[in-house]
Amino acid sequence: MTANRMNERRISNEYGILGAVVALFIFFSLASPFFFDANNLVNLGRQTVLLGVTAFAMTFIILSGEIDLSVGSVVSLISIIVAMTLRDTGSIIGALAVGLGAGALIGVINGLVTVKGHVPSFITTLGIFSAARGISLAVTNSVAIPILNEDYLLVFQDARPLGIAVSVIYAVVLFAALHFVLTRTRFGTSIYAIGGNAMAARLSGIPVDRIKILVFVLAGTIIGFAAILQIARIGSASPEVARNLELDAIAAVVLGGTSLTGGRGSLVRTIFGVLLIGILNNGMNLLNIDSYFQFIIKGAIIILAVLIDRWSRGRGA
Amino acid sequence: MSQPVPLVRLDHISKAFPGVRALDDVSFDVLPGEVHVLMGENGAGKSTLMKILSGAYQPDSGAIQIDGYAVRLSDPLDANRRGIVMIYQELTLLDNLDVGRNVMLGQEPGRGGGVDWRALYADAERILRDLDLTLDVRAPVAELNMAERQMVEIARAARRDPRVIVMDEPTSSLTQSEEETLFALIARLKGRGVGIIYISHRMDEVFRLADRITVLRDGKHVTTLPASELTRAELIALMVGREVESSVPRGVGAIGQIVLAARGLSAGGRVRDVDLDLRAGEIVGLAGLIGAGRTEVAEVLFGARSTDMGELRIDGQPVVFQSPYDAIQRGIAYVPDDRKGQGLVLMQSVQTNVTLAALERFVRTPLLMGGVLNGRAIRELVEVWTARLNIRAASPKVNVELLSGGNQQKVVLAKWLSRNPRVLILNEPTRGIDVGAKAEVHALIRDIASQGVAVLMISSELPEVLSVSDRIVVMAAGRITGEMPARGATERAVLALAFGDTNMTERVS
């Protein structure tokens with residue numbers, strides 16, 4: 001009986017977040033004449049892609065029992081590296097490879113320091129958070145690098161096959177692939193086991209250290225891709241972009257109901273959290289809400305949503 | 001003799017949860033100065049009844065009386081104020097603080113805005129002295145053994161002048177000698193008129209301590225009788241409502257070649273110069289006090305603990321284990337004593353837990369990401385093993401945290417048995433599981449051995465060591481102090497070896 005109840009709860013819980021997403025969607029549709037509009041919805045999709053892709057990476061990290069505070073700074077650093085590669089070589093493939101490679105490399109650093117150096121990931125990634133932003137500022141001298149390559153903009157931003165923004169298609173494909181990895185592969189199962197109980201996982205022969213490092217590398221690579229999409233969307237790479245992105249990504253993951261301590265949650269849940277924050281950001285802009293107030297409202301909604309979630313799950317959950 | 005007024009009386013209590021009638025018209029009481037043992041299989045309703053007594057649950061119907069007066073226990077704090085104290089299986093001490101601060105936690109004497117430290121330690125000392133406990137109030141709790149921790153826990157309970165103390169499997173993590181300390185303390189508490197409700201699955205201590213025994217089965221009250229009017233066999237029959245084999249037929253399979261041999265193993269002072277041979281088809285019982293180094297030996301054999309010296313051989317070939325993974329690949333399996341902390345991923349399903357040690361065997365497409373898992377093969381294997389080990393779970397998708405202790409342990413066993421290990425190391429395989437499941441696990445261990453698996457079983461329960469093993473090896477202070485065939489071995493002989501080292505004196509007196 002308890003199992004059934006838990007399942008019912010889990011379903012109602014997912015619907016609970018979905019309900020909030022729908023409610024917010026309807027609210028903004030009524031509150032602003034510009035919200036429920038084809039152009040705005042495409043725009044909403046494009047804006048949300050960056051958060052979505054980043055939150056996918058964050059979901060892997062959090063499920064494995066770690067945290068990554070560096071993603072915003074890393075997006076900014078990689079976007080600059082990609083923009084420079086593009087400017088100097090004109091090669092889209094080259095830019096793509098450099099972006100993904102740089103992301104993977106930063107993942108290796110985060111992973112090795114955390115796992116082999118026994119530094120809490122909170123600290124490791126806090127260090128990278130600061131260092132990556134600093135490098136971005138130093139390399140560019142605080143000047144944005146414009147993206148002038150038309151082909152690059154077409155491939156990663158402007159194309160609209162079947163009327164859908166191409167970046168949204170990338171995000172959906174990425175979601176499907178990552179969801180498969182989490183739910184159907186040995187790697188994915190190992191991530192849940194490690195996040196749930198690293199000791200039991202180790203004693204079951206799961207290579208905990210290796211898997212954790214791989215999670216950081218995978219997440220870094222995904223972040224690299226996020227940076228590639230990001231500069232295509234805003235048409236330039238700047239050391240100022242993606243500030244607070246890590247906080248929005250963590251908020252999206254937690255809003256979805258994934259446990260911050262690891263081992264419990266899913267990418268599907270993360271999608272709901274991403275939509276909630278994405279719609280909120282877009283809608284508040286359309287309503288011309290002062291950006292200072294936007295931060296306050298967003299903060300309040302995040303806390304409220306998680307509180308409601310906890311209450312609906314009952315104490316001790 | 002007139003019947004004294006019970007300290008606490010639970011009268012015709014019923015409690016239902018969605019889909020389950022946890023308690024059905026159960027009555028239970030405790031008299032002053034009595035040890036009332038509460039028995040029943042896991043799921044019989046013991047914990048629900050105790051949660052009602054402690055105010056954590058409200059009964060659907062029925063009444064609670066304290067000293068003959070009807071009361072309502074609104075929450076655990078309320079019950080606590082009325083002198084009802086629970087000592088939990090999982091101890092609730094703060095490791096980073098010392099004994100005195102743990103004893104006085106939440107009731108620190110104040111002075112001005114701060115804590116009056118001198119008064120705190122004086123009070124703690126007085127409480128410990130009242131209980132005849134000689135613990136240093138300044139000793140960090142992290143350095144205490146399990147028995148000493150339990151003493152601190154009880155001392156904390158005692159500071160409020162308890163009327164009724166509920167002890168839920170208090171000896172489950174104690175060695176035989178540590179138990180004596182606890183039993184002496186129970187006798188002192190009885191002498192002061194405290195009523196003790198004692199939950200345990202261990203027959204020996206039940207018959208030793210109990211004044212009266214109440215048996216619950218499937219949420220119903222079966223009987224309450226003076227302990228002197230019950231025999232062990234009757235009690236077991238009452239609990240399970242069916243016949244349980246109390247002893248395991250021994251030695252049906254032939255004992256074969258040495259599979260795993262250890263020579264001169266030493267690890268960080270916890271394991272010293274240990275030689276051990278494990279043979280196919282043989283069950284070796286590893287006995288000793290807690291802290292004797294038995295778990296450490298198991299961890300070394302499983303690659304989970306690094307060695308300073310010594311050699312391991314499998315089938316005569318030297319092997320080196322860098323990690324449990326290496327040991328598992330060589331056919332070694334380890335069921336740890338800390339089921340929840342080391343054996344299971346509680347928040348994951350039965351299915352995931354059963355397959356966790358053998359994921360590579362289910363890889364269908366060994367491409368990226370460690371390979372794609374074959375879901376059907378996983379489901380089939382889990383089905384086979386849940387049936388074979390009689391794991392009672394609503395479905396393989398149920399999280400293991402929702403299962404009873406016995407079923408959880410079977411999940412851990414299934415995880416390893418599904419790999420067909422050559423060497424099976426079991427650490428306290430029946431700790432905290434009920435009588436019925438215990439018999440099943442014992443029969444299972446026998447069965448595994450008869451199929452030619454070399455079994456090493458660590459147990460702090462001497463009757464278990466004596467009845468299940470073929471050969472008994474005893475450790476003290478990191479060394480092997482002796483061994484003997486289990487047939488004809490006595491508890492006394494094993495205990496003598498367990499105390500074999502003259503440096504091993506008891507720390508609690």
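With 14 C-beta neighbours inside 10 Å, B:Asp25 counts as partly exposed, because a residue needs 20 or more such neighbours to be called buried and 12 or fewer to be called exposed. Keep in mind that you're looking at a predicted model. B:Asp25 sits in strand β2 of chain B, which covers residues 20–30. There's something odd about its backbone, too: B:Asp25 has a positive phi of about 55° even though it isn't a glycine. Most residues other than glycine have a negative phi.

Now jump along the chain to B:Glu428, another residue that isn't a glycine but has a positive phi, this one of about 50°. Is B:Glu428 buried or exposed? It's buried, because 23 other C-beta atoms lie within 10 Å. You'll find B:Glu428 in the loop of chain B that links β21 (423–427) with α15 (435–450).

That loop brings us to β21(B) itself. Five of the five residues of β21(B) are buried, so this strand is largely enclosed by the rest of the structure. Which way do they point? B:Val423, B:Ile425 and B:Asn427 point one way, while B:Leu424 and B:Leu426 point the other way.

So who are the neighbours of this strand? One is strand β18 of chain B (residues 332–335), which runs parallel to β21(B) and is joined to it by four bridges. If you want to spot this pairing in the model, look for B:Val335, whose bridge partner in β21(B) is B:Leu426. Another neighbour is strand β22 of chain B (residues 454–458), also parallel to β21(B), with five bridges between them. Here you can look for B:Ile425, which stands opposite B:Leu456 in β22(B). Put the helix back in, and β21(B), α15(B) and β22(B) make a right-handed β-α-β unit.

Let's zoom out to chain B as a whole. It has 17 helices and 24 strands. Its C-alpha atoms fill a box of roughly 70 × 50 × 50 Å along the principal axes. How does its radius of gyration fit with a compact globule? A compact globule of 509 residues would have a radius of gyration near 23 Å, and chain B has 24 Å, which agrees. Of those 509 residues, 48% count as buried. Contacts tell you about the fold as well: among those in chain B with a separation of 6 or more, 69% are between residues 24 or more positions apart.

The domain assignment splits chain B into domain 1 (8–240), domain 2 (257–331 + 421–509) and domain 3 (346–420). Notice that domain 2 is written as two stretches of the chain. The centres of domain 1 and domain 3 of chain B, taken over C-alpha atoms, are 36 Å apart.

Chain B also touches chain A. The contact takes 34 residues from chain B and 26 residues from chain A. On the chain B side, the elements that give two or more residues are α10 (324–329), α11 (339–343) and β20 (372–373). What kinds of residues are on that side? There are 23 nonpolar, nine polar and two charged ones.

Finally, a stop in chain A. A:Phe272 is found in helix α12 of chain A (residues 267–286), and it counts as buried because it has 21 C-beta neighbours inside 10 Å. Setting aside neighbours within four places in sequence, A:Phe272 is in contact with A:Ile17, A:Leu18, A:Val21 and A:Gly256. A:Phe272 and A:Ala20 are 252 residues apart in sequence, but their C-alpha atoms are 9.0 Å apart in space.

Note on methods: Residues numbered from 1 in each chain as written. Chains lettered and ligands numbered in written order. Predicted model: local features only at pLDDT ≥ 70, side-chain atom pairs only at ≥ 80, totals over all residues. Rg over C-alpha atoms; globule rule 2.2 N^0.38 Å. Contact = placed C-beta atoms within 7 Å. Nonpolar A, V, L, I, M, F, W, Y, C, P; charged D, E, K, R; others polar. Pairing = 2+ DSSP bridges. Right-handed = clockwise from strand over helix to strand, strands pointing away. Domains from an automatic or database assignment.
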